[in-house]
Amino acid sequence: MSFKKFDQQTFIVDTANAYTNGQISKREFLRKLGLAGVGFSAFSLGMLGNPRGLRRGSLLGTPAYADGLPDNQAKWLKEVGSKFKGAKIRYSTESTPPSVILNQIKKEFTDPTGIEVEVEIVPLEQVLAKATQDVQGQLGSYDLYYLDQSWISMFQPDCIDPVAYYKDKPELAMPDFDWDDFSKPLVKNVAQVDGQWMGIPFDIPIFTLMYRKDILEKHKIAVPTTYEDYLAAARQITEAEKGNGIFGTGLQAKSGHYSLECDWSQAVWGHGGSIFNKNKKFSGNDEQGIAGLKWYQDLLKVSPPNSTASTWDGQFEMMHSGQIALAQSWDEFFPGLDADDSKVKGLWEPAKPLTAKKLRPASEAGFNEQPNLGHQGGSCISLSKYSKNKEAAWIFMQWGCCKEIMTRCTLLGGFAPMRNSSFADPRVKAKAKVGAGTTRHLETVKWVIDNAMATEPHMALWAGLSTNEIPTELGKLLTGQAYGGDPKACMDALAKQIDAQVKDAGLL
């Protein structure tokens, strides 16, 4: 390990700890990590300093779905796992749905194996700090790492390729694990670096379209499929239903929050644009970018006034309380809309995201950006090279990511699985009905994963740009604080700021 690498890791740990202790602001935290070459995926940025909001009440559903492992895997777990009885493995993670549920059902692993499992659920910046400190000193304090997709290249030297390890350690290999069952787009986007596996896909929040079927049927409106259709439907509903307290749509448009950047980038992609062009210049101010922003400004006019003060939590509450009829946002919202405390239980339906007349090819965008229809932010679980209990940790990792357990996690929470077999499992399909932990949105989610996953730019500066400069200037435009409603003026100002930062960082 070079001193330069060691120094970078020390800087990351100290910066993350300073942010956790309230010694520096979120803006300064992101700026410093940008200097160190560390970014965050857009979805994960909202988790800094806080546990992930699980918008569906209790994640645990009925235990009647607990069928257990197939006989050969149950035998393997007991016979092979019990060889490491007394070992203790540690895993640090943010509060993702699969992490929470795996922690809740881990007794099904610890009882037959005698292996102790400690799952630390902490804010995202501490996940990064703990993993970085561990690899810096090659301490082996943590056996498994939770890695945001934007970090995985930084940890490439420190993680074991799980596919290679499976082949190299046949005596530890779970029978019928079936690597080909993992969704290939997920593997490529959240678990590989340069074609090499870094871990196993573990979580995938992604955009889908959601609509109130009762409202659309009442006004004889077809489910929107294009951005133009969506705006027209939102206008019609607001005009007809505003007196009843219902708006056509609602936005996560809080100034200075990354949720606004997520909405905006999806609008830009959907109008044929990109955040950066192939010359690595900011392109939100080109013709397509301006068209996307104008569309978003028009949506704001038919949204609840609190949209400009709302992040994703506020947008979910608009949906959950019956205040809006259309939303293109995170699939994780959907189970909560069918929960018993929802005022609109059973009235929301999922649909494929809005289509674009033409998407900009990734070859014409910059920093590995992939414009598409479904904004996403995923993560993977990885085995540390420095683990003092590799074998025990590997057995737990295989158990937690096998077909049955991943399917169980989906059954208990209703969130998108990582395996194709889980989507197709009859038990999952049987829960595709109105009720807590519903899976009736998953057919749509799978289509988005397989066909329309978008990826934001992969660059260290992106963490700061997407939570500071971009949503701050957008917020000024949308709230009337600056730019006089002129989207081009706003985007030109952003281009000047962002291009200067990219140049100063030596990224051109």
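Helix H11 lies across strands S8, S9 and S10, and its direction makes an angle of about 145 degrees with S10. The model is predicted, and every value below is computed from it.

**The sheet under H11**

The strands that H11 crosses belong to an open sheet of four strands with mixed pairing, in the order S9-S10-S8-S11. Its edges are S9 (247-249) and S11 (348-351), each of which pairs on one side only. From one strand to the next the twist averages 25 degrees. Inside the sheet, S8 (residues 207-212) and S10 run antiparallel and are joined by five bridges. One residue pair that shows the register is Phe207 with its bridge partner Trp330 in S10.

**Internal cavities**

Rolling a probe the size of a water molecule over the atoms shows where empty space is left. Over the whole structure, a search finds six cavities of 30 Å³ or more. The volume of the largest cavity is about 120 Å³. Its lining consists of 15 residues, and those closest to the centre are Leu251, Asp263, Trp295, Leu299 and Gln328. H11 (227-241), H12 (258-270), H13 (287-300) and S10 (324-330) each contribute at least two residues to this lining. H11 and S10 therefore appear both in the helix-on-sheet packing and in the wall of the largest cavity, with cavities taken as spaces where a 1.4 Å probe fits but cannot get out. By class, the lining of the largest cavity holds nine nonpolar residues, five polar residues and one charged residue.

Which class does Asp263 fall into, given that Asp counts as charged? Asp263 is among the residues closest to the centre of the largest cavity, and the lining has one charged residue, so Asp263 is that residue because Asp is counted as charged. Asp263 is found in helix H12. With a relative accessible area of 7%, Asp263 is buried, because the cut-off for buried is under 20%. Beyond residues up to four places away in sequence, Asp263 touches Phe207, Leu251, Gln252, Tyr296 and Gln328. Of these contacts, Leu251 and Gln328 are also listed among the residues closest to the cavity centre, and Phe207 is the residue bridged to Trp330.

**The second largest pocket**

The second largest pocket encloses about 370 Å³ of space. Lining it are 18 residues, with His271, Gly272, Gln288, Lys357 and Lys358 nearest its centre. H11 and H13 are the elements that give two or more residues to this lining. H13 has the largest share, four residues. Both helices also supply at least two residues to the lining of the largest cavity. The classes in the two linings are set out here.

| Space | Volume | Lining by class |
|---|---|---|
| Largest cavity | about 120 Å³ | nine nonpolar, five polar, one charged |
| Second largest pocket | about 370 Å³ | six nonpolar, six polar, six charged |

**Parallel pairing elsewhere**

S1 (residues 88-93) takes part in two parallel pairings. Six bridges link S1 to S2 (residues 116-121) in the parallel sense, and Ile89 stands opposite Val117 in S2. S1 also pairs with S3 (residues 144-148), again in the parallel sense, over two bridges. In that pairing, Ser92 has Tyr145 of S3 as its bridge partner.

**The chain as a whole**

The chain contains 22 helices and twelve strands. Of its 508 residues, 61% are buried. Among contacts between residues at least 6 apart in sequence, 75% join residues at least 24 apart.

How values were computed. Residues numbered from 1 in each chain as written. Predicted model: local features only at pLDDT ≥ 70, side-chain atom pairs only at ≥ 80, totals over all residues. Heavy atoms only, no water. 1 Å grid on protein atoms, 1.4 Å probe; cavity = no way out; pocket = protein on both sides within 12 Å on 5 of 7 lines; lining within 4 Å. Points joined across faces, edges and corners; volume = space filled by probe spheres on them. Pairing = 2+ DSSP bridges. Axes fitted to C-alpha atoms, helices over the stretch in contact; angles between N-to-C directions. Contact = heavy atoms within 4.5 Å. Buried < 20%, exposed > 50% of the residue type's maximum accessible area, 1.4 Å probe, protein only.
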